Amino acid sequence: MNAIGLFTMLRREAKRTLRVVVQTLIAPTVSAALYLFIFGTVIGTKIEDFAGVPYISFVFPGVLMLSIINASFASASSNLYFMRFTRGIEEILIAPFSYLEMLVGFVGSAVVRALMVSVLILLTGLAFGAVSLVNPVAFFLYVAAVAAIFAMLGIIVALWAEGFEQLQVLNTFVITPLTYLGGIFYSITFLPPLAAEITRANPFFYFADGIRSSMIGYSEANTAIGLIVIVGLLVGLAILVTTLFRKGWKIRA
Amino acid sequence: MSSPMLEIKNLKKVYGTGKDAKVAVDDLSLTVERGAFFGLLGPNGAGKSTTIHCITGIAQPTEGQIFIDGVDVVKDYKTARRKVGLSPQEFNIDFFAKVDDLLDYMGGYYGIPRAERKTRIDELISRFSLEEHRDKKFQKLSGGLKRRAILARALVHTPDLLILDEPTAGVDVEQRHELWDYLRELNSRGKTIILTSHYLEEIQELCNEIAIINHGKIIKEGTKAEFMRDGKSVEQTYLEITRNDDKKA
């Protein structure tokens with residue numbers, strides 16, 4: 001395995017993240033702070049505790065997940081698309097990386113940025129008194145898994161896109177609506193029965209529920225179904241992205 | 001007996017499919033011996049860059065085989081890629097990264113440990129007189145400095161085979177001669193070099209073996225002496241051969 005090569009890919013993305021720190025780290029932290037202030041402090045203080053925790057603690061895992069998804073997707077899609085645009089991808093193509101190593105390198109790079117954002121948002125959450133962590137190992141695994149899923153979606157979009165505008169298509173029309181409708185700001189017990197059932201068909205519901213259950217110990221989803229959805233997406237997307245790299249789709253002539 | 005540094009057997013590369021299919025390289029075979037300074041000539045679109053891309057992994061051959069130092073570039077691509085360094089015609093680089101970082105990343109991609117990488121980068125920075133530019137972004141460099149940085153990047157993992165695709169495009173005369181001296185020195189130390197250039201005096205100055213590609217095929221291959229027979233320059237021979245080939249086509 002080309003371990004030094006993989007570490008270099010992660011290091012490069014970390015440096016690129018810090019090169020545009022306002023866009024990559026400060027903006028998501030400010031957004032998360034605003035969400036916590038409005039939903040937690042302003043509205044949350046008018047709402048009774050839910051599931052045994054203050055509303056701000058119930059909402060916080062969703063806010064964190066939203067930021068992880070955005071950071072991971074943006075990192076993977078912009079990194080790879082920029083490399084295609086400048087032909088910098090040729091540096092990777094001529095280097096001794098297997099297709100699986102390319103997958104690990106690109107996904108790992110995006111997860112690194114998502115983790116950097118996560119740490120800042122956890123610190124912000126601590127300042128608001130919103131953070132609790134009942135199962136740190138499960139929390140880390142859920143965060144890494146969700147980041148990896150959206151990194152791979154970002155890679156697919158970066159390979160498909162023919163312009164910068166197209167990078168936003170999936171985010172605008174699929175990711176953002178499904179995220180907001182996945183119960184990040186509310187419990188599905190607040191919904192009418194039909195809407196609750198529809199929400200259960202939304203994979204984002206299981207992402208948010210997994211992170212929330214690891215933080216506050218409260219779950220509304222079937223954990224087994226959630227794990228099947230998450231592991232299934234991880235494996236399916238990994239196979240798809242590795243196949244695209246092997247075929248050289250849009251990157252190798 | 002050791003294998004040649006580069007052996008291409010019946011390479012074919014087709015871009016696109018169906019009606020849009022375009023044959024860029026057609027049944028091309030070529031051997032470059034170890035230690036050669038090999039000039040690859042041809043008009044624009046003849047198939048030079050496509051051949052180079054197939055050797056280095058930027059493009060996938062449609063048919064045929066390529067061996068670098070006896071290693072198949074498709075079947076054992078990871079080993080093969082460690083043996084080649086590429087200085088491409090177009091800058092395939094992150095323009096916002098610093099020169100030092102670009103070399104560091106490339107060395108890292110090739111799996112060179114940190115301490116060894118640092119020593120190697122310092123040597124290359126010094127050899128290409130990039131000391132005062134190492135902390136500058138690539139986009140801020142002049143054309144000549146960019147070429148030097150790209151060449152340094154191609155050498156960071158000390159490849160056995162160095163492929164230079166138009167390495168002196170946009171470089172002034174003085175810097176071109178400095179680069180020539182360095183390439184001669186590298187070749188004299190045993191490095192095999194493949195050079196493509198539109199400056200035919202550069203090929204004549206540096207190369208001892210020459211091949212001409214036209215319409216995706218090798219139409220002439222020989223030593224520099226053979227190309228300069230009867231007091232002709234490489235350029236005169238090149239024009240004669242390509243014009244005759246174009247008439248036949």
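Helix 6 of chain A passes helix 10 of chain A in a left-handed crossing, as seen in this predicted model. Helix 6 covers residues 136-160 and helix 10 covers residues 223-247, and the two pack at an angle of about 35 degrees, with their axes 10 Å apart. On the side of helix 6, the residues that take part in the contact are A:Y142, A:A145, A:A148, A:I149, A:M152, A:L153, A:I155, A:I156 and A:L159. Helix 10 of chain A answers with a set of residues including A:T223, A:L227, A:I230, A:L234, A:L237, A:V241, A:L244 and A:F245. Sorted by character, the residues of this contact divide into 19 nonpolar, one polar and no charged.

This pair of helices belongs to a chain whose secondary structure comes to ten helices and zero strands, so that, read from the N terminus on, the elements of chain A run α-α-α-α-α-α-α-α-α-α. The radius of gyration of chain A is 18 Å, close to the 18 Å that the globule rule gives for 253 residues, and chain A is therefore as compact as a globular protein of that length. Taken along the principal axes, the C-alpha atoms of chain A fill a box of roughly 60 × 35 × 35 Å.

Turning to contacts and surface, residues 24 or more positions apart account for 82% of the contacts in chain A with a separation of 6 or more. Of the 253 residues of chain A, 55% count as buried, while the accessible surface of the chain comes to about 10600 Å², of which 74% belongs to carbon and sulfur atoms.

Technical notes
Residues numbered from 1 in each chain as written. Chains lettered and ligands numbered in written order. Predicted model: local features only at pLDDT ≥ 70, side-chain atom pairs only at ≥ 80, totals over all residues. Heavy atoms only, no water. Axes fitted to C-alpha atoms, helices over the stretch in contact; angles between N-to-C directions. Helix = DSSP H or I, 4+ residues; strand = E, 2+ residues; numbered from the N terminus. Left-handed = near helix turned anticlockwise from the far one by under 90°. Contact = heavy atoms within 4.5 Å. Nonpolar A, V, L, I, M, F, W, Y, C, P; charged D, E, K, R; others polar. Rg over C-alpha atoms; globule rule 2.2 N^0.38 Å. Buried < 20%, exposed > 50% of the residue type's maximum accessible area, 1.4 Å probe, protein only. Areas by Shrake-Rupley, 256 points an atom, 1.4 Å probe, with all protein chains shown as cover.
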